[in-house]
Amino acid sequence: MYKIEVREVDFWYGSSQVLHRIYLEMAPNTVTALIGPSGCGKSTLLRVLNRMNELIPGSHLRGDVCIDGRSIYGSDVDVYELRKRVGMVFQKPNPFPKSVYENVAFGLRIKGINHRSFIDEKVERTLRQVFLWEEVKDKLHKPALALSGGQQQRLCIARALAVEPSILLMDEPASSLDPISTAKLEELIYELKQTYTIVLVTHNMQQASRTSDRTAFLYKGNLIEYADTATFFTNPSSQSTQDYITGRFRNE
Amino acid sequence: MKRPAEKLIEALLQLSGWLTLGITFSVIGVLLVNAWGFFSSIPLLDFLLGTRWTPFSEQQAFGMWPLLLGTLLTALLAMALALPLGLLISIYLSEYANSSWRQVARPALDLLSAIPTVVYGFLALVFVTPALQFFFPGIERFNALSPGLVMGFMILPIITSISEDAMRSVPANLREAAFAMGASRWQVAWRVVLPAAFNGVTAAVILAFSRALGETMIVSIAAGQQPSFTLNPTVAIQTASSYIIQISLGDVSRSGTEYNTIFAVGIGLFVLTFALNNLSYWLRNRFKQIQA
Amino acid sequence: MNRQFIKMFEAFDRFGDWYDRQKRDNFAIYGLVFTLFVVSIVLGLFVYVSIAGFPRLGSRFFSGYASRIPEQAGILPALIGSLWVLVLVFIISFPLGLAAGIQLEKYVTNTRWARLLEVNITNLAGIPSVIYGLLGLQFFVRGMALGESVLGASLTLSLMVLPLVIVSTREALRMVPNSVSEAAYALGATKWQTIWYHALPIAFPGVVSGVLLAISRAIGEAAPLLVIGAVAFVPFSPASIFDYFTVLPVQIFFWATKPQASFLINASAAILVLLSLTLLLNLLAVRIRERWHKRIES
């Protein structure tokens with residue numbers, strides 16, 4: 001059974017259509033990369049998966065998305081519960097101006113948990129998961145903004161994981177990081193996929209080929225090709241894909 | 001090449017800049033000089049520690065506490081109304097309301113602060129006090145609760161406008177992160193935006209409190225003229241500012257210790273509001289620094 | 001960010017937890033209710049005062065002088081006094097505030113000095129009005145021997161509203177696009193020429209709007225004038241700026257504190273007049289600013 005199914009999704013911001021008849025399926029515990037030139041709709045597609053687009057007035061979706069076999073756009077769906085099952089990490093790290101501890105604890109507090117020792121344990125566990133524990137264990141109650149960019153991004157991942165999602169959406173998570181932090185992040189993604197299903201938007205094709213199991217190429221809101229990564233990069237079936245990955249693509 | 005006329009103009013401009021400093025120094029100077037006259041005959045400790053203020057009775061007493069308590073009481077009552085209401089309204093306008101509603105609400109709130117304070121005082125006496133007496137028969141005609149509540153409305157716009165600005169300037173990506181974790185709008189507002197805007201909001205609260213301390217007409221009309229060492233909101237009291245008005249309107253001879261009490265009281269009021277205003281300013285700047 | 005601040009946030013969290021336990025996030029409704037509540041208070045105020053004061057409004061009211069009989073007491077001297085004050089405050093505070101605003105915004109380059117002046121102005125704006133009254137009393141009324149006159153009062157009030165004019169001037173100047181000044185400099189204009197012939201004309205409506213708001217504040221003030229020694233039983237209208245006088249808010253104050261209930265009607269009527277004047281000035285200021293904003297955007 002697929003973890004995520006995107007079924008014939010069309011998406012509009014106001015009157016301009018941004019996604020055209022997208023059909024995708026993602027298996028559990030895999031990393032799926034979404035690549036394409038800027039403006040192709042990959043971030044929009046990502047946000048379709050946790051209904052974050054709804055925060056923008058005038059947005060409108062046709063079609064359906066199913067997670068664990070159940071539609072997430074049904075009228076009985078609690079969007080807040082959905083977002084707790086689908087976590088998101090953003091391009092630029094955005095830790096809250098609070099302590100490291102409180103950042104990770106945030107997800108628990110909004111679930112109504114404030115049992116001190118439970119939170120302590122969870123904080124440690126998620127920080128270990130993102131390989132940040134050793135670096136911050138003495139600074140738990142210091143401001144999160146004092147951490148380096150790479151650490152902040154891992155903190156944001158820990159924060160998202162504390163809510164115990166089953167899916168993790170990552171929108172160009174390494175684009176504001178230096179190469180070493182990026183490498184650490186990619187290692188982390190590899191570790192995390194054993195527990196979570198990950199969808200990764202990136203404009204870095206090497207990153208896509210290094211980290212993902214399957215890759216999707218979007219262009220102007222259309223899904224051009226979707227295949228397992230090895231095939232995708234060595235023997236793409238579409239000419240546009242070939243042009244894009246070899247850099248011959250003209251961005252109109 | 002600057003013409004001489006231009007040099008003159010620029011000199012005048014410089015002068016006007018100095019003028020603003022001059023005003024502050026004049027205020028401090030006037031207060032100090034005349035308060036000096038007061039404190040050279042009345043020991044400072046009597047003023048600072050005394051609990052009776054009766055400069056015009058047989059048994060003269062010059063303790064500042066009755067006036068201080070009266071001032072604090074009315075200001076705190078005002079804050080008791082304005083703080084929760086102002087905070088909630090700011091959250092609503094910043095995080096919930098759509099822009100057309102905000103465009104109506106904001107000017108309406110600003111209008112509250114444009115109303116002359118005599119009008120508020122009048123309403124406190126004529127409308128609020130009888131209403132309070134209806135619900136709580138024990139309240140005297142002059143009391144602290146009525147002007148306190150009315151002052152709360154007067155200072156409400158101070159809290160809402162500054163707090164709302166502070167909250168709206170919290171970056172959108174923080175809200176996004178919280179929403180993405182499944183936080184509700186309330187949780188985002190209360191647990192992310194408000195803490196992030198904390199400095200700005202506190203600055204607003206302090207400023208509003210300072211304004212309430214210095215307010216004159218509302219209390220002069222509705223609070224009474226009986227300095228007493230009490231925190232009871234149902235009885236008549238007197239604040240520092242309304243004492244100054246009372247003496248100014250009276251026939252006290254223009255020299256002498258009794259008259260100089262208004263400068264002693266004035267300098268106390270000035271010091272208090274000055275300290276609070278500067279604290280508020282410092283907090284707002286720190287907030288802007290944290291933003292950047 | 002201090003540890004103390006972080007601890008205070010935990011207090012916020014307790015309230016948040018309590019609210020969350022209520023299950024449904026109805027705050028949109030609560031917030032609307034609160035805001036409507038406050039807005040309707042404003043309206044209720046006008047309604048109440050209108051109803052109370054309306055009976056007294058009439059030609060006798062507007063042309064009458066102070067009297068021991070409420071039905072015969074009028075606001076002519078107070079109205080004339082307020083108009084005098086309005087004009088004088090305008091004349092005094094406009095150029096002073098404009099000059100200081102220009103100085104601060106365009107000429108002061110030393111940031112420490114600029115910050116000091118800025119803090120100072122913020123402080124001036126926060127000084128209680130009675131203190132300005134004390135200043136006016138010692139400085140203008142006695143020190144300059146102007147007596148309890150229209151001039152003394154207007155000077156005092158001008159000082160009080162000066163910070164408002166200065167802040168408006170600065171904000172108005174900031175709205176002028178840099179390209180305008182740059183173009184002028186490129187043509188060889190001096191700083192003052194750039195300001196006077198280019199920046200100021202564009203900023204002008206913003207400044208005027210600020211001055212109008214300042215005046216509307218000034219005519220509503222009673223406290224400083226009571227300290228200076230304005231009285232309410234003025235049997236004539238001031239004919240010169242050195243005369244004794246009274247103004248509307250002071251008249252309202254005295255009527256409101258008289259024991260006879262009938263004077264309260266007078267007070268209501270006078271409040272109507274004062275509020276109308278204040279409202280007029282405020283609306284004018286807002287209109288001017290909105291139109292100016294629109295012109296600047298284009």
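This briefing walks through chains A, B and C, from whole-chain layout down to single helices and one residue. Keep in mind that the model is predicted. Chain B meets chain C through 72 residues on its own side and 67 on the other, while the contact between chains A and B takes 21 residues of chain A and 16 of chain B. Inside chain C, there's a helix, α11, whose residues are buried, 9 of the 9.

**Chain B overall**

- Chain B is built from 12 helices and 2 strands.
- Reading from the N terminus, the order is α-α-β-β-α-α-α-α-α-α-α-α-α-α.
- Its C-alpha atoms take up a box of roughly 75 × 70 × 35 Å along the principal axes.
- Chain B has 292 residues, and 55% of them count as buried.
- Take the contacts in chain B between residues at least 6 apart in sequence: 73% of these link residues at least 24 apart.

**Domains in chains B and C**

- For chain B, the domain assignment gives domain 1 as 4-40 and domain 2 as 53-291.
- The C-alpha centres of those two domains of chain B are 29 Å apart, and their contact draws 7 residues from domain 1 and 8 residues from domain 2.
- On the domain 1 side of that contact in chain B, you'll find 5 nonpolar residues, 2 polar and no charged.
- Chain C is also assigned two domains, with domain 1 covering 3-56 and domain 2 covering 59-297.
- In chain C, 6 residues of domain 1 touch 8 residues of domain 2, and the domain 1 side splits into 3 nonpolar, 2 polar and 1 charged.

**Where the chains meet**

- Between chains B and C, 72 residues of chain B face 67 residues of chain C. Helix α1 of chain B (residues 4-39) supplies the largest share of the chain B side, 18 residues.
- By class, that chain B side has 48 nonpolar, 19 polar and 5 charged residues.
- Over at the A–B contact, 21 residues of chain A meet 16 residues of chain B. On the chain A side, the elements giving two or more residues are α2 (79-85), β6 (86-89) and α3 (100-110).
- The chain A side of this contact breaks down into 11 nonpolar, 4 polar and 6 charged residues.

**A helix pair across the B–C boundary**

- Helix α4 of chain B (residues 99-114) packs against helix α2 of chain C (residues 27-53) at an angle of about 50°, and their axes are 9 Å apart.
- That angle makes α4(B) and α2(C) oblique to each other, and their crossing is left-handed.
- From α4(B), the contact uses B:Ala105, B:Ala108, B:Leu109, B:Leu111 and B:Leu112, and from α2(C) it uses C:Thr35, C:Val38, C:Val39 and C:Val42.
- Sorted by class, the residues of this contact are 8 nonpolar, 1 polar and no charged.

**The enclosed helix α11 of chain C**

- Helix α11(C) spans residues 248-256 and packs with α12(C), residues 262-297, at about 160°, with the two axes 8 Å apart.
- Angles over 145 degrees count as roughly antiparallel, so α11(C) and α12(C) are roughly antiparallel to each other.
- The crossing of α11(C) past α12(C) is left-handed.
- Residues on the α11(C) side of this contact include C:Leu248, C:Ile252 and C:Trp255, and those on the α12(C) side include C:Phe263, C:Ala267 and C:Leu274. The contact as a whole counts 12 nonpolar residues, 2 polar and no charged.
- Because 9 of the 9 residues of α11(C) are buried, the helix is largely enclosed by the rest of the structure.
- What covers it? The cover for the buried residues of α11(C) includes α5 (117-135) and α10 (217-222) from chain B, plus α4 (76-107), α10 (223-228) and α12 from chain C.

**A closer look at A:Leu108**

- A:Leu108 sits in helix α3 of chain A, an element that also contributes to the side of chain A touching chain B.
- Is A:Leu108 buried or exposed? With 19 other C-beta atoms within 10 Å, A:Leu108 is partly exposed.
- Beyond its neighbours within four places in sequence, A:Leu108 contacts A:Ile113, A:Ile119, A:Lys122 and A:Ala162.
- A:Glu164 is 56 residues from A:Leu108 in sequence, yet their C-alpha atoms are 9.4 Å apart in space.

How values were computed:
Residues are numbered from 1 along each chain as its sequence is written. Chains are lettered from A and ligands numbered from 1 in the order in which they are written. This is a predicted model: local features need pLDDT of at least 70, side-chain atom pairs count only at pLDDT 80 or more; totals for chains, interfaces and linings use all residues. Axes are lines fitted to C-alpha atoms, for helices over the stretch in contact, and angles run from 0 to 180 degrees between N-to-C directions. Helices (H or I, at least four residues) and strands (E, at least two) are DSSP runs, numbered from the N terminus. Angles under 35 degrees count as roughly parallel, over 145 as roughly antiparallel, 65 to 115 as roughly perpendicular and the rest as oblique. A crossing is left-handed if the near helix is turned anticlockwise from the far one by less than a right angle, and right-handed if clockwise. Two residues are in contact if their C-beta atoms, placed from the backbone, lie within 7 Å. Ala, Val, Leu, Ile, Met, Phe, Trp, Tyr, Cys and Pro count as nonpolar, Asp, Glu, Lys and Arg as charged, and the others, Gly among them, as polar. Domain bounds come from an automatic or database domain assignment. A residue is buried if 20 or more other C-beta atoms lie within 10 Å of its own, exposed if 12 or fewer, and partly exposed in between; C-beta atoms are placed from the backbone.
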